[in-house]
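Open your viewer and get ready to click along. Each stop below suggests what to select next and then says what is there.

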Amino acid sequence: MNSILHIDSSILGGYSATRALTADIVAKQQALHPGARIVRRDLVADAALHLSDAHMAVFQGAPVSDPHLGQDLATGGAYLDELFAADIVVIGAPMYNFSIPSQLKGWIDRVAVAGRSFKYGPNGPEGLVTGKKVFIASARGGVYSGQSPLAALDHQESYLLAALGFIGLTDVTIIRAEGLALGDEAKAALAGAKAQIDALAA
Ligand SMILES: Cc1cc2nc3c(=O)[nH]c(=O)nc-3n(C[C@H](O)[C@H](O)[C@H](O)COP(=O)(O)O)c2cc1C
């Protein structure tokens with residue numbers, strides 16, 4: 001065990017539920033794996049640009065003429081390198097407008113790269129980022145799990161599981177705090193998520 005990649009994407013700073021949960025997950029993993037190195041990516045403090053026509057042109061072989069674009073391409077490359085180097089990946093993923101924050105979508109746009117993190121073979125797509133454990137800290141105002149009538153509106157956990165699975169990240173544990181906008185349910189939801197973290201084993 002060498003490296004834990006700690007990613008946050010909440011825009012709520014010190015009030016964020018997922019940021020509190022990812023911090024607890026990382027602390028727990030550090031306790032389980034003493035000496036592991038923590039690599040930090042705060043996608044709000046330091047967001048990559050949206051993919052653009054300029055990015056696509058460079059991917060097709062055009063030269064990089066804009067230094068700002070060059071810097072951003074280096075950031076995207078670092079995202080991929082960090083992901084490949086990590087043994088454990090901890091992702092803070094709030095539900096915003098039924099999906100994930102655009103900052104986290106921007107990260108996925110940079111790590112889902114044909115020929116690097118996945119490839120198409122005779123049996124279809126094959127994920128190449130294998131052998132890692134992923135922990136997702138999921139928080140949402142409403143309740144979408146179980147038999148909830150809102151289940152079909154969950155494009156957050158379902159999307160993340162699909163996108164991560166596509167690049168080979170299939171060993172995923174979701175730590176969930178939901179119903180955070182529902183008054184009394186919030187405290188119990190957060191306590192439940194923290195108990196789930198406490199119970200994590202190596
Ligand atoms: C911009 C924004 C959009 C949100 N959209 C939803 C939503 O579609 N469904 C929902 O249940 N909660 C929604 N919420 C509530 C958040 O999921 C909830 O506050 C959660 O705690 C956010 O995680 P965070 O505190 O780590 O940012 C939204 C919150 C924000 C700030």
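Where is glycine 106 found? Select glycine 106 and you are in helix H4. A word before going on: this is a predicted model.

**Stop one: glycine 106**

Glycine 106 counts as partly exposed, because it has 18 C-beta neighbours inside 10 Å, and burial takes 20 or more. Now add Leu43, Ala47, Ala48 and His50 to the selection: glycine 106 is in contact with these four, leaving aside its neighbours within four places in sequence. Try a distance label as well, from glycine 106 to leucine 51. The two are 55 residues apart in sequence, yet their C-alpha atoms are 7.6 Å apart in space.

**Stop two: the loop before H4**

Stay with the loop between S3 and H4, and select asparagine 97, which lies in it. Phi of asparagine 97 is near 50°, a positive value in a residue other than glycine. Most residues other than glycine have a negative phi. Is asparagine 97 buried or exposed? It counts as exposed, because it has 10 C-beta neighbours inside 10 Å.

Phenylalanine 98 lies in the loop between S3 and H4 too. Its phi is positive, about 70°, although phenylalanine 98 is not a glycine. Phenylalanine 98 is partly exposed, with 15 other C-beta atoms within 10 Å.

**Stop three: helix H3**

Next, select residues 67-85, which make up helix H3. How far apart are the end C-alpha atoms of H3? They are 27 Å apart, which agrees with the 27 Å that 19 residues should span at 1.5 Å a residue.

Colour Asp72, Tyr79 and Leu83, the buried residues of H3. They cover an arc of only 25° around the axis, so they sit on the same side of H3. Then turn to the other side of H3, where Pro67, Gln71, Ala74 and Asp81 are exposed. To see what covers the buried residues of H3, show strand S1 (3-8), strand S3 (88-94) and helix H4 (102-111), which are among the covering elements.

**Stop four: helix H5**

For a second helix, select H5, residues 157-166. Which residues of H5 are buried? They are Glu157, Leu160 and Leu164. Look down the axis of H5: these buried residues fall within an arc of 60°, so they line one face of the helix. They pack against S3, S6 and strand S7 (171-178). Following H5 you will find glycine 168, with a positive phi near 110°.

**Stop five: threonine 22 and the core**

Move to helix H1 (residues 17-32) and select threonine 22, which lies in it. Threonine 22 is buried, with 25 other C-beta atoms within 10 Å. Its contacts, leaving aside neighbours within four places in sequence, are His6, Asp8, Val90, Gly92 and Ala137. Methionine 1 is 21 residues away from threonine 22 in sequence, and 18 Å away in space, C-alpha to C-alpha.

Two of those contacts, Val90 and Ala137, lead to the largest nonpolar core, which has 35 residues. Which members of this core touch the most other members? They are Ile25, Val89, Val90, Ile136, Ala137 and Ile175. Centre the view on isoleucine 25: it touches Val90, Phe135, Ala137, Ile175 and Ile197, not counting residues up to four places away in sequence.

**Stop six: the ligand**

Now select the ligand and show what surrounds it. There are 17 residues around the ligand, and the closest are Ser10, Thr18, Pro94, Gly141 and Gly142. The elements that give two or more residues to this shell are H1 and strand S6 (133-140). H1 provides the largest share, three residues. Colour the shell by class and you will have nine nonpolar, six polar and two charged residues.

**Last stop: alanine 36**

Finish in the loop between H1 and strand S2 (37-42), where alanine 36 lies. Alanine 36 is partly exposed, with 18 other C-beta atoms within 10 Å. Apart from its neighbours within four places in sequence, alanine 36 is in contact with Met1, Asn2, Ser3, Ile4, Gln29 and Gln30. One more distance label goes from alanine 36 to isoleucine 88: 52 residues apart in sequence, these two are 9.7 Å apart in space, C-alpha to C-alpha.

Definitions and conventions. Residues are numbered from 1 along each chain as its sequence is written. This is a predicted model: local features need pLDDT of at least 70, side-chain atom pairs count only at pLDDT 80 or more; totals for chains, interfaces and linings use all residues. Helices (H or I, at least four residues) and strands (E, at least two) are DSSP runs, numbered from the N terminus. The expected span of a helix is 1.5 Å times one less than its number of residues. A residue is buried if 20 or more other C-beta atoms lie within 10 Å of its own, exposed if 12 or fewer, and partly exposed in between; C-beta atoms are placed from the backbone. The arc is that of the directions from the helix axis to the C-beta atoms. Two residues are in contact if their C-beta atoms, placed from the backbone, lie within 7 Å. A residue is near a molecule or strand if its C-beta atom, placed from the backbone, lies within 6 Å of it. Ala, Val, Leu, Ile, Met, Phe, Trp, Tyr, Cys and Pro count as nonpolar, Asp, Glu, Lys and Arg as charged, and the others, Gly among them, as polar. A nonpolar core is a set of buried Ala, Val, Leu, Ile, Met, Phe, Trp, Tyr and Cys residues joined through C-beta atoms within 7 Å.
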